[in-house]
Amino acid sequence: MSSVTSAHSVVEPSPASKRIAGAIVILYALITMIPLVWIFLTSIKSPPDSISYPPKIVFTPTLEGYCNLLTTRTRQTPEYIAALPAPSGTCDEVTRKRNMVIAGPSNFLPRFANSLVIAFGSTFLAVSLGTLAAYGFSRFRVPLADDLLFFILSTRMMPPIAVAIPIYLMYRELGLSDTAVGMILLYTAVNVSLAVWLLKGFIDEIPREYEEAAMIDGYTRLQAFWKVVLPQATTGIAATAIFCLIFAWNEYAFAALLTSGEAQTAPPFIPTIIGEGGQDWPAVAAGTTIFLIPILVFTILLRKQLLRGITFGAVRK
């Protein structure tokens, strides 16, 4: 009997279906952008406009929220303000309109700098250690490898509150509370499991023959890893770095529990911004807007690697 091989032809989507799919994607993107746009609009509103009901769509933009975020102010009498020299900048002018003067900088910029140091530092360590561990699991015979990989993954299954108190007590005894080093170590430990699992999928896709050919040419195992494997795994490393950075950048529970001053990051600081009449919503929105910028820029710069990594890295076998 002759065997008949049937070939399945690939059906191209029709122009109408492409337009519908494009419209759905655009609509979804616009819906997801609404909260971000609303936060930005709130950041350029005055305090009365930010809490008006119904919400104001048309309003006079002001930088008062950003000025309140970046400075501390004290209320003074109109006579005292009138005796002062001319305003030295936009924030000085905006503040005086409220019968207040700038007393000094706020704590936002130090908290923002802490977020940069802790998030990027822990991401670098997590991706570096995760790459080495993933390479070991992918290329060598590790005893009980499946059990070890499951144990590594299981650390991501626990809710933060389950380990918050033990970590707090341990950090207090070790003197790591309210320190950048302590937060970097903690976020690194949490992110390593994600990095190992993601990067192992990428490294598994790199043929072993590349390394074998390099070692035949005289490369050591370490040189082959550095000059052959790492360039091939760049896409996976970039995608993993984005996911690790997003977690470390947005983490709130551990930051609120373990930091209060020197090492406090922006997420627990921004909600505590208080104005004269309560929560200063324009300043909170201004802090949130500024806080979004680094992670947005980092993701845009690595967007091609992120898309390729999600499609071809950990998904494909």
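Let's start at P54, which sits in the loop between α2 (47-50) and α3. The peptide bond leading into this proline, from Y53 to P54, is cis, with omega near 0°. Keep in mind that everything here comes from a predicted model.

Go on from that loop into α3 and you reach one end of a covalent link. C67 and C91 form a disulfide, with their sulfur atoms 2.3 Å apart. The pair ties together distant parts of the chain: C67 belongs to helix α3 (residues 64-70) and C91 to helix α5 (residues 90-97), 24 residues apart. The torsion about the S-S bond of C67 and C91 is about -85°, so this disulfide is left-handed. With sulfur atoms within 2.5 Å as the criterion, the count comes to 1 disulfide.

Past α5 there is another backbone detail to look at. N99 is found in the loop between α5 and β2 (100-105). Its phi is positive, about 60°, although N99 is not a glycine.

Now for the membrane annotation. An unreviewed UniProt entry places the feature "transmembrane region" at residues 20-41, 116-137, 149-171, 183-203, 224-249 and 281-302. Take two of these spans and see how they look in the model. Residues 20-41 are 100% helix and 0% strand, and the end C-alpha atoms of that span lie 31 Å apart. Over residues 149-171, the chain is 78% helix and 0% strand, with the end C-alpha atoms 27 Å apart.

How do the helices pack against one another? Begin with helix α1 (residues 15-43) and α15, whose axes come within 7 Å and cross at roughly 125°. Angles over 145 degrees would count as roughly antiparallel, and α1 and α15 are therefore oblique to each other. Their crossing is left-handed. On the α1 side the contact is made by L36, I39, F40, T42 and S43, and on the α15 side by W281, P282, A285, A286, T288, T289 and L292. Sorted by type, the residues of this α1 and α15 contact come to 8 nonpolar, 4 polar and no charged.

Helix α15 (residues 281-301) also packs against α12, at an angle of about 175° and with the axes 10 Å apart. That makes α12 roughly antiparallel to α15. Here A241, I242, L245, I246, W249 and N250 of α12 meet F291, P294, I295, F298 and T299 of α15. The residues in the contact of α12 with α15 divide into 9 nonpolar, 2 polar and no charged.

From α12 you can step across to α6. The axes of helix α6 (residues 108-139) and helix α12 (residues 234-250) come within 9 Å, crossing at roughly 140°. That makes α6 oblique to α12. The crossing of these two, α6 and α12, is right-handed. From α6 the contact draws on F112, S115, L116, A119, F120, S122, T123, A126, V127 and T131, while α12 brings I237, T240, A241, C244, L245, A248 and W249. The contact of α6 with α12 breaks down into 12 nonpolar residues, 5 polar and no charged.

Which α12 residues should you pick out in the viewer for both of its contacts? Try A241, L245 and W249: they are among the α12 residues that meet α6, and they are also among those that meet α15.

How values were computed: Residues are numbered from 1 along each chain as its sequence is written. This is a predicted model: local features need pLDDT of at least 70, side-chain atom pairs count only at pLDDT 80 or more; totals for chains, interfaces and linings use all residues. Side-chain values use heavy atoms; hydrogens and water are left out. Axes are lines fitted to C-alpha atoms, for helices over the stretch in contact, and angles run from 0 to 180 degrees between N-to-C directions. Helices (H or I, at least four residues) and strands (E, at least two) are DSSP runs, numbered from the N terminus. Angles under 35 degrees count as roughly parallel, over 145 as roughly antiparallel, 65 to 115 as roughly perpendicular and the rest as oblique. A crossing is left-handed if the near helix is turned anticlockwise from the far one by less than a right angle, and right-handed if clockwise. Contact means heavy atoms within 4.5 Å. Ala, Val, Leu, Ile, Met, Phe, Trp, Tyr, Cys and Pro count as nonpolar, Asp, Glu, Lys and Arg as charged, and the others, Gly among them, as polar. UniProt positions are given in the numbering used here, feature names are shortened, and annotations may be inferred rather than shown by experiment.
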